[in-house]
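Subject: Handover of a structure and notes on its ligands

Dear colleague,

Please find the structure below, handed over for your files. My notes on what was found in it follow directly after.

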Amino acid sequence: MTVIVLSGPIGAGKSSLTGILSKYLGTNPFYESVDDNPVLPLFYENPKKYAFLLQVYFLNTRFQSIKAALTDDNNVLDRSIYEDALFFQMNADIGRATKEEVDTYYELLHNMMSELDRMPKKNPDLLVHIDVSYDTMLKRIQKRGRNYEQLSYDPSLEDYYKRLLRYYKPWYEKYDYSPKMTIDGDKLDFMASEEDRQEVLNQIVAKLKEMGKLDENWKPNLVK
Ligand SMILES: Nc1ncnc2c1ncn2[C@@H]1O[C@H](COP(=O)(O)OP(=O)(O)O)[C@@H](O)[C@H]1O
Ligand SMILES: Nc1nc2c(ncn2[C@H]2C[C@H](O)[C@@H](COP(=O)(O)O)O2)c(=O)[nH]1
């Protein structure tokens, strides 16, 4: 039984890989609340006003998801609570949160992480990070086509996305809640290429076997 958390910038392919991986491993996917998230469009319309509210919304849903996933012990999460502060800190650094909001946020996060630390299973088994360049990220955001995420909606999103990418390297290096691995999301087109999809799955399965989380003789639940 495994809990795998995915990470990566906007449009990296986390939701897509969550679907592919959970089917392959025969585990249950947890998707982030995006299309049904009432605060997300408000945030893109007025980031300064809604950065704190959006973060509390995401943090709450991520807390619920990781608790359920660690209890069930058979899941893939398309983004997790471990990535939450990366987003909020970046927004705070560009002046979208007051000192009081920052202090309140970190106190809330700390309380939630302490609660996770008291659970029988405290941590995920593996973090799979999808690494993408700015060009790839932008292409995928365009392909997905959510209006408020497009540079045509707000040209300052170019700086926002580039800044977000810069926060990922130190975040990944510091992450130590579980073993971790990186997928090259620029090179491996796991949506269009069957060969690339299999390569990504092979890399993840090899890591799980190396960690003793999958039996050496394990075979996929579903071969497409
Ligand atoms: N490796 C990939 N190659 C090509 N297109 C991809 C790849 N991963 C995702 N996409 C496409 O990019 C868009 C964003 O993917 P999505 O899974 O929603 O990313 P995320 O959950 O990381 O934001 C979708 O239209 C998806 O079909
Ligand atoms: N300010 C924040 N925005 C966030 C956070 N998590 C996700 N998001 C935004 C980014 C995208 O517009 C959308 C979906 O993200 P994907 O990476 O799944 O495409 O939601 C966050 O914590 N803070």
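In which pocket does ligand 2 sit? Ligand 2 sits in the largest pocket. Please bear in mind throughout that this is a predicted model.

Ligand 2

The surroundings of ligand 2 comprise 18 residues, and those that come nearest are Lys14, Tyr44, Gln55, Arg62 and Glu149. Three of these nearest residues can be described in terms of individual atoms. In the side chain of Tyr44, an N or O atom is 2.5 Å from an oxygen atom of ligand 2. Gln55 places a polar side-chain atom 2.7 Å from an oxygen atom of the ligand, while Arg62 has a polar side-chain atom 2.7 Å from a nitrogen atom of ligand 2. On its own, ligand 2 has 490 Å² of accessible area, and the protein covers 99% of this.

Which elements give two or more residues to the shell around ligand 2? They are helix H2 (40-45), H3 and helix H4 (84-93). H3 provides the largest share of that shell, with 4 residues. Gln55 itself has its place in helix H3, which covers residues 47-72. By residue class, the shell around ligand 2 divides into 9 nonpolar, 3 polar and 6 charged residues.

Ligand 1

Ligand 1 also sits in the largest pocket. Its surroundings consist of 15 residues, of which Lys14, Ser15, Ser16, Arg144 and Asp189 are the closest. Lys14 is thus named among the closest residues of ligand 1 and among the nearest residues of ligand 2.

The contacts of ligand 1 involve both backbone and side chains. A backbone N or O atom of Gly11 lies 2.9 Å from an oxygen atom of ligand 1. An N or O atom in the side chain of Lys14 is 2.7 Å from an oxygen atom of the ligand, and a polar side-chain atom of Asp189 lies 2.7 Å from a nitrogen atom of ligand 1. Of the 560 Å² that ligand 1 exposes when taken alone, the protein buries 87%.

Two helices, H1 (14-25) and H6 (134-144), each supply at least two residues of the shell around ligand 1. The residues of this shell divide into 6 nonpolar, 4 polar and 5 charged.

Annotation from UniProt

An unreviewed UniProt entry places the feature "binding site" at Glu32, Tyr44, Gln55, Arg79, Asp84 and Glu149. From this set, Tyr44 is part of the lining of the largest cavity. Tyr44, Gln55 and Glu149, which carry the annotation in that record, are also among the residues that come nearest to ligand 2.

A backbone detail

One further point concerns Asp73, which lies in the loop between H3 and strand E3 (75-77). What is the sign of phi at Asp73? Asp73 has a positive phi, of about 60°, although it is not a glycine. For context, most residues other than glycine have a negative phi.

With kind regards

Methods. Residues are numbered from 1 along each chain as its sequence is written. Chains are lettered from A and ligands numbered from 1 in the order in which they are written. This is a predicted model: local features need pLDDT of at least 70, side-chain atom pairs count only at pLDDT 80 or more; totals for chains, interfaces and linings use all residues. Side-chain values use heavy atoms; hydrogens and water are left out. A residue is near a molecule or strand if one of its heavy atoms lies within 4 Å of it. A polar contact is a pair of N or O atoms within 3.5 Å; within protein, one must be able to donate a hydrogen and the other to accept it, and residues adjacent in sequence count only if both atoms are side-chain atoms. Accessible areas come from the Shrake-Rupley method with a 1.4 Å probe; for residues, only the protein chains shown count as cover. On a 1 Å grid over the protein atoms alone, a cavity is a set of points where a 1.4 Å probe fits but cannot get out, and a pocket is an open set with protein on both sides within 12 Å along at least five of seven lines; lining residues have an atom within 4 Å of a point. A molecule sits in a cavity or pocket if more than half of its atoms lie within 2 Å of its grid points. Ala, Val, Leu, Ile, Met, Phe, Trp, Tyr, Cys and Pro count as nonpolar, Asp, Glu, Lys and Arg as charged, and the others, Gly among them, as polar. UniProt positions are given in the numbering used here, feature names are shortened, and annotations may be inferred rather than shown by experiment.
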